[in-house]
Amino acid sequence: MPVSDLKSTIDQSTVISSLLNALKSEHKLHLSGVVGSLSSFIIAGLTTHSSTHLVITDTDEQARIYKSDLAVISDFEIIYFPASNLKPYDTNQIQDSSLFVQRSEAIQAIQAIQATKKKLVVTSAEALFTKVAPPSQINEVSIFVKLGMEIDPEKLREELVDQAYEPVRFVDQPGEYAMRGGIIDVFPFSGEYPIRLEFFGDEIESIREFDASSQRSISFLNEVKIVPDLSNLPDANKDSLLSYFDTDTLVWIKDSPLVLSLLEANFEKARSAFSEANENDSTPETLFLDKPSFYSQLNNFKDQIYLGAPPPFTMHEMSVRSNPQPDFHGNFDLLKQNIESNSEQGIKTIILCDNDGQEHRFNELLGASEPHFNYQLRVQSLHKGFILPESSLALYTDHQIFNRYYRPKVKKRTYSGGISFKELKDLSIGDYVVHVDYGIGKFAGFKKIQVKNSEQEVVVLRYQEDSLLYVNISSLHKLQKYSGKEGTAPRITKLGSGEWARKKAQTKRKVK
């Protein structure tokens, strides 16, 4: 039973239907009795009620757990807004720029909600505590470019410099740009990949995302929004992230007493630090979210569901009958007895395994599934198991069975192949390099050449008889640093001889 089928099973339970019916009249609900990752299934189950959801936990760690679970369960786009981890008014701390990039990425994705909808945002009180620039200010300072748009490349470069983008030879991390003739590469402070803008005169002829290591194109775009470093924007008019959401957003709050107490404690620390800070610093009210303001902004949202510990105010109460996954402490005899007991009650046991090896291990130790011993194994990972008698479902996780620490899974797109910029920068003149189409040559440095009235930078490879091959940086995925037997020089390929093509064909035949 895949996780999608588990979601369908829980979607058909009275838990979901009761919540949907209650929201028609009672717009603030406290749902008790929810254990383990069942809360994530319930959140995913109510996506039919609202196209935008905001999940608020107390700590960043809890937010990451929800993000990981919901990414497995829901087909919504999951946006995680992390904490900045900055201590108020501490001028000696080292800032983690990657967190500012993640926050910028999340803000841009949240702004795009209006156009595409179907978004699920996960954050924490720790993250909400540090205010952000309002949407209007971010739009004002961002650079918008579209396919076919006419703009002087030099003017665009000046705008990037004004936004504190650093000029480099090749972009490698957020906040950098590179200009080569009719091409401008920009690694924005938001987005997973850098952007390549190709100009024909003053007209933007192509916009595409590319992988910084291999230069391989990821996707072609019609338009792009280049966001500046949001941490450098003026403090005036800053507001909490809540100001980015429409009133029809369904807000989920996990353990609201902890959320409120954390906001209150952090704001008191900020107030105390401010009293010892430079008198020219912005006030805590300008930079940070306090508990009364959080209360006030929550009232802007029509529908709110509180999970876990009851909120410190009265609202409509609902309860779910669910049980936590039992403690087995790695004892397979106890696990077998539990599966048999579940089977007698008509409850099917699903065990989620973190990897194929774990699945194989469970198969060997548990044996075949029988009507009186009804279980299934699936390679998947969720935070915590639970038992939902109403749906005749017991969902267990292998890391709980073995009392292992759970680390939230973060999915990243990866691309392999080709020489990386770091490897390219480390090459010395004369190092051997392999081109997938032309064979083994020697690295001869970089050169700027004219291509279609545009100056472009290329990698120069030297072959037999001093033949030169120019490789555009957009084709670096075709290059590899040569690795052969140490101390033995390879045979340089002769361009145009067909030698490399014959060698590749011969190798293919041998492999086949």
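User: Where does Thr 47 lie, between which helix and which strand?

Analyst: In this predicted model, Thr 47 lies in the loop that links α3 (38–45) with β2 (52–57).

User: Why is Thr 47 called buried or exposed?

Analyst: The relative accessibility of Thr 47 is 14%, and buried means under 20%, so Thr 47 counts as buried.

User: What makes the approach of Thr 47 to Ala 44 a polar contact?

Analyst: The side chain of Thr 47 reaches the backbone oxygen of Ala 44 at 2.8 Å, and because the limit for such a pair of N or O atoms is within 3.5 Å, this pair qualifies. Apart from neighbours within four places in sequence, Thr 47 is also in contact with His 53 and Phe 76.

User: How do you know that α3 is mostly covered?

Analyst: Of the 8 residues of α3, 8 are buried, and among them are Leu 38, Ile 42 and Gly 45.

User: Why are α3 and α4 called oblique to each other?

Analyst: Their axes, with α4 spanning residues 60–73, come within 9 Å and cross at roughly 55°; because angles under 35 degrees count as roughly parallel and 65 to 115 as roughly perpendicular, with oblique for the rest, α3 and α4 are therefore oblique. Their crossing is right-handed.

User: Which residues of α3 and α4 meet, and what is the character of the residues in this contact?

Analyst: On the α3 side the contact includes Phe 41, Ile 43 and Ala 44, and on the α4 side it includes Tyr 66, Asp 69 and Leu 70. The residues of this contact divide into 6 nonpolar, 2 polar and 1 charged.

Definitions and conventions:
Residues are numbered from 1 along each chain as its sequence is written. This is a predicted model: local features need pLDDT of at least 70, side-chain atom pairs count only at pLDDT 80 or more; totals for chains, interfaces and linings use all residues. Side-chain values use heavy atoms; hydrogens and water are left out. Helices (H or I, at least four residues) and strands (E, at least two) are DSSP runs, numbered from the N terminus. Buried means under 20% relative accessible area, exposed over 50%, partly exposed in between (1.4 Å probe, protein chains only). A polar contact is a pair of N or O atoms within 3.5 Å; within protein, one must be able to donate a hydrogen and the other to accept it, and residues adjacent in sequence count only if both atoms are side-chain atoms. Contact means heavy atoms within 4.5 Å. Axes are lines fitted to C-alpha atoms, for helices over the stretch in contact, and angles run from 0 to 180 degrees between N-to-C directions. Angles under 35 degrees count as roughly parallel, over 145 as roughly antiparallel, 65 to 115 as roughly perpendicular and the rest as oblique. A crossing is left-handed if the near helix is turned anticlockwise from the far one by less than a right angle, and right-handed if clockwise. Ala, Val, Leu, Ile, Met, Phe, Trp, Tyr, Cys and Pro count as nonpolar, Asp, Glu, Lys and Arg as charged, and the others, Gly among them, as polar.
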